[in-house]
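Colleague: Hi! Could you pull up the model so we can go through a few details together?

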Amino acid sequence: MLDRILITNDDGIDAPGLEVLERIAIELAREVWVVAPEHDQSGVSHAVSLHHPIRVSERGARRFGITGTPGDCAVMGICHLMADAPPQLLLSGVNRGANLGLETVFSGTVGGAMTGMLLGVPSIALSQAWTDRAHIRWETAAALGPGVVRRLLEIGWDAGTCLNVNFPDLPAPDVGPLTLARQGPGLIQGMQVETRTDPRFLTYHWISFRRGPREQGSESDVDTVHAGRIAVTPLRYDRTDEEAYAMLAKALPRCEDRR
């Protein structure tokens, strides 16, 4: 049993997935601290607020709403609200919908976990896949989450890595084992802009992803979840493309070169 866990999300402090995450965390720690955005922050990635102030509203014992991003929540929790006794683990989620493939780059759920990792706290992002938005299987994440987190803590992972966990859209008894997976390309095929007109005849726009099937490659997170297994993918900040680096190194000097 841990002493204290910090939890956050990107769907907002009143989201049902955060309630599920609280249920998971209560089984793992003596103290659960909630520091979550006041409003939905989906798609903000790793953003932190450098150009406007952060406001904190106390919602109860060890429960705080933040006018900012999941990254702001991680910073406020670790560096301010819990500064005297930092958390031993940060959990971010449970997100409404899977965070797989390239979508992890945009995900505020993953961004909150990555910020926790940056600040020296072991961090895990958790997401629940769905096929029917009106019937999300929150009970799957609630039932399996504590065991998944315990298993990962038992194994351990590098301090420069956070873990991205995705639960499949199946009843808990039908879910396969926790399975190591690679980040594949995911289902994003592009982006699109939908233009509309408001009641005052002013134009506004909605940006959204365009999704569709893609070849995922071996051991991908998408294929793992579609196979009914719980996917865990280790993520880090280093995005250096080694193949491109090797190709460019043939034409460009590197720092270690003295010629």
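**Salt bridges and other details**

Colleague: How does D3 count by relative accessibility?

Modeller: D3 counts as partly exposed, because its relative accessibility is 33%. The cut-offs are under 20% for buried, over 50% for exposed and partly exposed in between, with a 1.4 Å probe and protein chains only.

Colleague: Anything I should know about the model before we go on?

Modeller: It is a predicted model, where local features need pLDDT of at least 70, side-chain atom pairs count only at pLDDT 80 or more, and totals for chains, interfaces and linings use all residues. Residues are numbered from 1 along each chain as its sequence is written, and side-chain values use heavy atoms, with hydrogens and water left out.

Colleague: Great. Which residue does D3 meet in a salt bridge?

Modeller: Its partner is R30, at 2.9 Å from N to O. The two sit 27 residues apart, D3 in strand β1 (residues 2-8) and R30 in strand β2 (residues 29-37), so to speak distant parts of the chain linked by one pair. A salt bridge here is a side-chain nitrogen of Lys or Arg within 4 Å of a carboxyl oxygen of Asp or Glu. The strands (E, at least two residues) and helices (H or I, at least four) are DSSP runs, numbered from the N terminus.

Colleague: And what about R30's accessibility?

Modeller: R30 is at 57%, so this residue counts as exposed.

Colleague: How many salt bridges does a search of the whole structure find?

Modeller: It finds 12. One of the pairs is R59 with D14, whose closest N and O atoms are 3.5 Å apart. R59 lies in strand β3 (residues 56-60) and D14 in the loop between β1 and α1, 45 residues apart.

Colleague: Which other side chain meets R59 in a salt bridge?

Modeller: That of E38, at 2.7 Å from N to O. E38 is in the loop between β2 and β3, 21 residues from R59. Through shared partners, salt bridges join D14, E38 and R59 into one network. D14 is exposed at 61%, while R59 is partly exposed at 37%.

Colleague: New topic: at what angle do α1 and α5 pack?

Modeller: About 25 degrees, with the axes of α1 (residues 16-26) and α5 (residues 138-155) 9 Å apart. That makes α1 and α5 roughly parallel, a label for angles under 35 degrees, with over 145 roughly antiparallel, 65 to 115 roughly perpendicular and the rest oblique. Axes are lines fitted to C-alpha atoms over the stretch in contact, and angles run from 0 to 180 degrees between N-to-C directions.

Colleague: Any odd backbone spots?

Modeller: A few. G93 and V94 are joined by a cis peptide bond, with omega about -15 degrees, and V94 belongs to strand β5 (residues 89-96). S45 is not a glycine, yet its phi is positive, near 60 degrees. S45 sits in the loop between β2 and β3 and is buried at 15% relative accessibility. E219, also not a glycine, has a positive phi of about 60 degrees and lies in the loop between β10 and α6 (221-226).

Colleague: Last one: where is I207, and how accessible is I207?

Modeller: I207 is in strand β10 (residues 203-211) and counts as exposed at 61% relative accessibility.
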